[in-house]
Amino acid sequence: MSAQFKGAGGRASDAPHAFQAIDAHAAYDGVPVLNGVSVDIPVGQTMAVLGPNGSGKSTLMRAMLGIVPLTSGEIRIHGTPLRRFRGWRRIGYVPQRLTAGGAVPATVREIVASGQVATRRRLSFTTKADRAAVDEALDTVGLSDRAGDAVRELSGGQQQRVLIARALAGRPDTFVMDEPMAGVDAENQRALAGAITRLRDRGSTVVLVLHELGPLEEVIERAVVLEHGRVVHDGEAPEATGECARPGHEHQHPHPDPNDPDPSPADTGTAAEMIRLEVPRRD
């Protein structure tokens, strides 16, 4: 169905693709999680992957990044098979993280600057352009005034904005975000929505794994809904139902993926620890 989809932004099906999942199958410990998922994501589209817990939405995102291997099928990134893709500096990955602890109080600026590791040569020093990119990223997420503060002193929503700024600092053109609104209060949800809107307006590709749209409803151009590892909807975002449809509902609770073999959050207290979250480069 996705091959024929024309997004709300007017991007036709023959537009270049940022990601393609072709008959993707994946399993954890022999239990199928993705069952023949095929999705094409055009360059410049802002798309949400929705679904209940256990639907496979986070697994699809991780498979697109090469974090979870497929048992069969294929992933292509910007037209290149995943195994041959080398342009990881084009990809900005924003993981879901609810806490930032650790004995070493890394500052907001240090964490954001760590997002440039993939774009710099080894042993090279930061340049004026690098520092400007960090400043711009902090400004985009509205945290310029917190640059010198320890990340562990920030709220969960502010920490999530730091992770988006960290992805921005590398100046990628393609973003993948895993439940950026989970565990985030209403004020920070609006700030995150504003940052994502600016990415869309710049022409970036943005793929978000979400439990519900919340304040992103006006930003999302297309929604793919998974159930039991299969695509059951591909098009305009479906209307919220149940508890999530109640007036004033705020999505502030996390939704760990029951398919994730290691769902515990990593300790993100130091810049070095944050660097470990970089999407692996294929050399």
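Start with the open sheet of six strands, ordered 6-7-8-3-9-10, with mixed pairing. Strands here are DSSP runs of E of at least two residues, helices are H or I runs of at least four, and both are numbered from the N terminus. Two strands pair if DSSP finds at least two bridges between them. This is a predicted model, in which local features need pLDDT of at least 70 and side-chain atom pairs count only at pLDDT 80 or more, while totals for chains, interfaces and linings use all residues. Residues are numbered from 1 along each chain as its sequence is written, and side-chain values use heavy atoms, with hydrogens and water left out.

**Stop 1: the edges of the six-stranded sheet**

Select 91-94 and 230-235. These are strand 6 and strand 10, the edge strands, and each pairs on one side only. Neighbouring strands of this sheet are turned by 15° against each other on average, direction ignored. Axes are lines fitted to C-alpha atoms, for helices over the stretch in contact, and angles run from 0 to 180 degrees between N-to-C directions.

Stay on strand 6. Ile 91 and Tyr 93 point one way, Gly 92 and Val 94 point the other way, and all are buried. Buried means under 20% relative accessible area, exposed means over 50%, and partly exposed lies in between (1.4 Å probe, protein chains only).

**Stop 2: strands 7 and 8**

Add strand 7, residues 174-178. Strand 6 and strand 7 run parallel and are joined by four bridges. Ile 91 has Thr 174 as its bridge partner in strand 7. Now add strand 8, residues 205-210, which pairs with strand 7 in the parallel sense over five bridges. Look for Asp 178, whose bridge partner in strand 8 is Val 209.

**Stop 3: helix 1**

Select 57-64. This is helix 1, lying across strands 3, 6, 7, 8 and 9 and running at about 145° to strand 8.

**Stop 4: the four-stranded sheet**

Move to the open sheet with the order 2-1-4-5 and antiparallel pairing. Its edge strands are strand 2 and strand 5 (80-81), each pairing on one side only. Helix 1 packs on this sheet too, touching strand 1, strand 2 and strand 4, and its direction makes about 65° with that of strand 2. Contact means heavy atoms within 4.5 Å.

Select strand 1 (17-28) and strand 4 (72-77). They run antiparallel, joined by five bridges. His 25 has Ser 72 as its bridge partner in strand 4.

Next, pick Asn 35 in strand 2. Is Asn 35 buried or exposed? Its relative accessible area is 17%, so Asn 35 is buried. Leaving out residues up to four places away in sequence, Asn 35 touches Ala 24, His 25, His 228, Gly 229 and Arg 230.

**Stop 5: two positive phi values**

Most residues other than glycine have a negative phi. Asp 23, in strand 1, has a positive phi of about 50°. Asp 23 counts as partly exposed because its relative accessibility is 38%. His 78 sits in the loop between strand 4 and strand 5. Its phi is also positive, near 50°. His 78 counts as buried, at 17% relative accessibility.

**Stop 6: helices 3 and 4**

Select 128-140 and 156-169. Helix 3 and helix 4 pack at an angle of about 145°, with axes 8 Å apart. Which residues make the contact? Helix 3 gives Ala 133, Val 134, Ala 137, Leu 138 and Thr 140, and helix 4 gives Ala 165, Leu 168 and Ala 169.

**Stop 7: the cores**

A nonpolar core is a set of buried Ala, Val, Leu, Ile, Met, Phe, Trp, Tyr and Cys residues joined through side-chain atoms within 4.5 Å. The largest has 40 residues, of which Val 112, Met 177, Leu 208 and Leu 216 touch the most other members. Helix 4 gives the largest share, seven residues.

Centre on Leu 208. Beyond its neighbours within four places in sequence, its contacts include Met 47, Val 49, Met 177, Ile 196 and Leu 216.

Finish on Ile 196, in helix 5. Ile 196 is buried, with a relative accessible area of 0%. Not counting residues up to four places away in sequence, Ile 196 touches Met 177, Val 206, Leu 208, Leu 216 and Val 219. Draw a C-alpha to C-alpha distance from Ile 196 to Thr 140: they are 56 residues apart in sequence and 9.3 Å apart in space.
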